[in-house]
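Got the model open in your viewer? Let's take a walk through it together, one selection at a time.

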Amino acid sequence: MDTIAEFLTRIRNAGMAKQEKMDVPSSNVRVGLANVLRDTGYIKNFKVVKDGKQGIMRIYLRYNEDGRHVITDVSRASRPGRRLYVRCQQIPNVRSGYGISILSTSKE
């Protein structure tokens, strides 16, 4: 199962349903994605609650002044069935510079 796609889909669905917060199972990858989304202003905040298993992550969603969810479109380019490798010069702009791309790399 693709946990990253499931995570992004849950955020998109909760935003369309105008929920204030949502809960998802926690993992290191999801915490990393939530950090990026929080730092760029796409979610308000998140916290991880230990429950003796893998933990639960509560995400607080952000809406604009019109009451619309700030995340309008979510898509995943590289999937487990179709990996996408690009050089740094080939990284495309997202929404003419008004969106973000979250990339993973082997470099630190």
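Before we select anything, a word on naming: helices and strands here are DSSP runs, helices (H or I) with at least four residues and strands (E) with at least two, numbered from the N terminus. Also keep in mind that this is a predicted model.

**Stop 1: the whole chain**

Start with everything on screen, drawn as a cartoon. You should be able to pick out two helices and three strands. Walk along the sequence and they come in the order α-β-α-β-β. The C-alpha atoms fill a box of roughly 40 × 40 × 25 Å, taken along the principal axes.

Now colour by confidence. The mean pLDDT of the chain is 88, with 98% of the residues at 70 or more. Select residues 56-61 to see strand β3, which has the highest mean pLDDT among the elements, 96. Then jump to residues 3-16, helix α1, where the mean is the lowest among the elements, 90.

Two more numbers for the overall picture. Of the 108 residues in the chain, 21% count as buried. And if you take the contacts with a separation of 6 or more, 54% of them are between residues 24 or more positions apart.

**Stop 2: the largest pocket**

Switch on a surface and look for the largest pocket, with a volume of about 1400 Å³. Where is its centre? Select Ser75, Ala77, Ser101, Ile102 and Leu103: of the 36 residues lining this pocket, these are the closest to the centre. Next, highlight α1 and α2 (28-39), the elements that give two or more residues to the lining. Helix α2 supplies the largest share, five residues.

Try colouring the lining by class, too. You'll get 23 nonpolar residues, eight polar ones and five charged ones.

**Stop 3: Arg30**

Stay with helix α2 and select Arg30, which lies in it. Is this arginine buried or exposed? Arg30 has a relative accessible area of 6%, and the cut-off for buried is under 20%, so Arg30 is buried. Show its side chain as sticks and look for Pro25: the backbone oxygen of Pro25 lies 2.7 Å from a polar atom of the Arg30 side chain. To see who else is around, add Thr3, Glu6, Phe7, Val24 and Met57, which together with Pro25 are in contact with Arg30 once neighbours within four places in sequence are left aside.

**Stop 4: His69**

Now move on to the segment after β3 and select His69. This one is buried as well, with a relative accessible area of 8%. What sits by its side chain? The backbone oxygen of Arg62 does, 3.3 Å from a polar atom of the His69 side chain. Bring up Ile11, Gly15, Leu61, Arg62 and Tyr63: His69 touches these, not counting residues up to four places away in sequence.

**Stop 5: two backbone oddities**

A bit of background first: most residues other than glycine have a negative phi. With that in mind, select Lys18, in the loop between α1 and β1 (21-25). Lys18 is not a glycine, yet it has a positive phi of about 60°. Lys18 is exposed, too, with a relative accessible area of 52%.

For the other one, go to Arg95, in the segment after β3. Arg95 is not a glycine either, and its phi is positive, about 50°. Its relative accessible area is 56%, which makes Arg95 exposed. While you're there, draw a distance line from the C-alpha of Arg95 to the C-alpha of Asp73: they are 9.9 Å apart in space and 22 residues apart in sequence.

**Last stop: Asn13**

Finish back in helix α1, where you'll find Asn13. Asn13 is partly exposed, with a relative accessible area of 40%. For one last distance line, connect its C-alpha to that of Val86: the two are separated by 29 Å, with their positions 73 residues apart along the chain.

Terms used. Residues are numbered from 1 along each chain as its sequence is written. This is a predicted model: local features need pLDDT of at least 70, side-chain atom pairs count only at pLDDT 80 or more; totals for chains, interfaces and linings use all residues. Side-chain values use heavy atoms; hydrogens and water are left out. pLDDT is the predictor's confidence in each residue, from 0 to 100. On a 1 Å grid over the protein atoms alone, a cavity is a set of points where a 1.4 Å probe fits but cannot get out, and a pocket is an open set with protein on both sides within 12 Å along at least five of seven lines; lining residues have an atom within 4 Å of a point. Grid points are joined across faces, edges and corners, and a volume is the space filled by probe spheres set on the points. Ala, Val, Leu, Ile, Met, Phe, Trp, Tyr, Cys and Pro count as nonpolar, Asp, Glu, Lys and Arg as charged, and the others, Gly among them, as polar. Buried means under 20% relative accessible area, exposed over 50%, partly exposed in between (1.4 Å probe, protein chains only). A polar contact is a pair of N or O atoms within 3.5 Å; within protein, one must be able to donate a hydrogen and the other to accept it, and residues adjacent in sequence count only if both atoms are side-chain atoms. Contact means heavy atoms within 4.5 Å.
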